[in-house]
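Q: Please take a close look at the place where the ligand sits in this structure. Which contacts does the ligand make, and what lines the space around the ligand?

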Amino acid sequence: MTNQKLLEPAWIEIDIKQFKKNIGIIRKHIQNSLFCLPIKANAYGHGLVPIAQAAVEAGVDYFGVARLQEGIQLRTAGIRKPILILGALDEVQIPELLHYELELSIASLYKAKLVAKQCERMGQRCRVHVEIETGMQRTGVRPATGIELLNYLYTTPCFEVVGIYSHFATAEDPYDEGTQHQITVFNQFTSEIKSKISNVIYHLSNSGGVCYYPQANLNMVRPGILTFGYFPYLLPETLNGIEPFLSVKAKIAYFKVVAKNHGISYGHSYKTNANARIVTIPVGYGDGYRRALSNKGEVLIRGRRYPIVGMICMDQFMVNIEQDEAYVGEEAILIGKQNNAEIRLTELAKLCDTIPYEILCGFNDRLPRYYINSGLDKG
Ligand SMILES: *Cc1c(COP(=O)(O)O)cnc(C)c1O
């Protein structure tokens with residue numbers, strides 16, 4: 001295969017080998033627990049289907065998505081693993097949920113009854129996970145009413161209870177009483193019902209949980225951002241080697257010399273204070289590269305950092321390379337490594353006053369995604 005990326009002015013590069021390595025490291029760390037990979041929001045911006053396919057090859061057991069549509073996309077692409085829809089679902093979507101053999105999160109008796117009506121009408125069973133509220137206060141049935149909900153689900157033939165779970169609110173803090181409390185509440189609830197039911201997957205941990213609260217691994221874990229190579233704080237030693245594997249790259253589209261005292265880009269928020277060599281990078285906020293990085297962010301060219309000058313436009317932005325050299329067509333790194341230098345997404349997230357998740361999800365399809373080291377390419 002030729003190096004396709006050379007055909008595009010800007011692209012996202014995704015290193016499948018590092019992705020699989022991350023999965024392997026987490027797999028070892030969680031021992032016998034099942035590995036559910038949350039791949040909502042286009043696999044955290046990495047591309048839903050290629051990431052799911054690589055994850056299956058690397059031995060992931062389960063997938064978590066937010067929307068029905070994401071589940072359907074995975075099934076249509078031939079993914080056979082169990083897929084749990086963690087987000088909201090309208091009951092009119094139930095026929096599709098059943099058709100594509102997707103699993104549903106249930107957190108109230110009210111919703112359960114609406115779903116039951118649809119399932120009975122279709123004469124089909126629905127696989128569900130019951131979400132227990134333990135401290136997130138987002139969705140989830142309170143433990144006190146959880147028993148009643150479970151009773152209903154177990155006595156209504158159209159339901160198959162596959163899992164019982166909850167979600168951490170503050171587990172990215174390694175020494176957090178709130179998380180400890182959530183674990184306690186969840187364990188109390190499950191210990192009350194464990195003797196009465198069997199064959200249920202108990203799951204609780206997100207990335208923070210997997211990093212810092214191994215006692216919460218239970219039957220299955222759901223680390224999202226960690227699998228994509230980002231982690232909340234410091235990594236425990238057993239997770240060493242986990243790295244991000246997404247880079248954003250572009251070819252320098254234009255070169256010019258700008259004399260002293262000239263404003264650059266919309267609003268002239270930056271003015272040259274000397275003769276400067278300015279290059280134009282063909283990426284903008286229309287691709288998901290955040291406008292908040294205007295006059296703050298940096299890019300790598302020839303292994304050196306250079307500042308973004310002026311406002312980032314929808315499709316391009318400018319970089320001041322001072323008196324250095326760079327030619328049109330040369331590679332600029334917006335996120336990732338070049339020679340010995342690196343620009344990390346976490347650093348950009350800080351500059352944007354946000355978290356890596358939000359920037360990742362913001363990359364849309366205008367930047368083509370190229371998957372390298374997938375075992376299929378030769379380059
Ligand atoms: C998104 C999500 C996760 C993954 O969270 P990370 O912080 O990326 O590990 C796990 N569980 C649920 C219910 C989620 O919505």
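A: In this predicted model, an oxygen atom of the ligand is 2.6 Å from an N or O atom in the side chain of Y357. A second oxygen contact involves the backbone, where an N or O atom of I225 lies 2.8 Å from an oxygen atom of the ligand, while a nitrogen atom of the ligand has a polar side-chain atom of R222 at 2.8 Å. Taken on its own, the ligand has 390 Å² of accessible area, and the protein covers 91% of that area.

The shell around the ligand holds 13 residues, and those that come nearest are K40, Y44, S207, R222 and Y357. By class, this shell is made up of six nonpolar, four polar and three charged residues.

Turning to the surrounding space, the ligand takes up the largest pocket, which contains about 1000 Å³. The lining of this pocket comprises 38 residues, and Y44, N206, I225, I355 and Y357 are the ones that lie nearest its centre. Two or more lining residues come from each of the elements α2 (40-44), α9 (207-212), α10 (345-351) and α11 (356-362), and among the contributors α10 gives the most, with four residues. Sorted by class, the lining of the largest pocket has 19 nonpolar, 11 polar and eight charged residues.

Y357 thus links the two views: its side chain has an N or O atom 2.6 Å from a ligand oxygen, and Y357 is also one of the residues nearest the centre of the largest pocket. I225, whose backbone provides an N or O atom 2.8 Å from a ligand oxygen, is likewise listed among the residues nearest that centre.

Note on methods:
Residues are numbered from 1 along each chain as its sequence is written. This is a predicted model: local features need pLDDT of at least 70, side-chain atom pairs count only at pLDDT 80 or more; totals for chains, interfaces and linings use all residues. Side-chain values use heavy atoms; hydrogens and water are left out. A residue is near a molecule or strand if one of its heavy atoms lies within 4 Å of it. A polar contact is a pair of N or O atoms within 3.5 Å; within protein, one must be able to donate a hydrogen and the other to accept it, and residues adjacent in sequence count only if both atoms are side-chain atoms. Accessible areas come from the Shrake-Rupley method with a 1.4 Å probe; for residues, only the protein chains shown count as cover. On a 1 Å grid over the protein atoms alone, a cavity is a set of points where a 1.4 Å probe fits but cannot get out, and a pocket is an open set with protein on both sides within 12 Å along at least five of seven lines; lining residues have an atom within 4 Å of a point. A molecule sits in a cavity or pocket if more than half of its atoms lie within 2 Å of its grid points. Ala, Val, Leu, Ile, Met, Phe, Trp, Tyr, Cys and Pro count as nonpolar, Asp, Glu, Lys and Arg as charged, and the others, Gly among them, as polar. Grid points are joined across faces, edges and corners, and a volume is the space filled by probe spheres set on the points.
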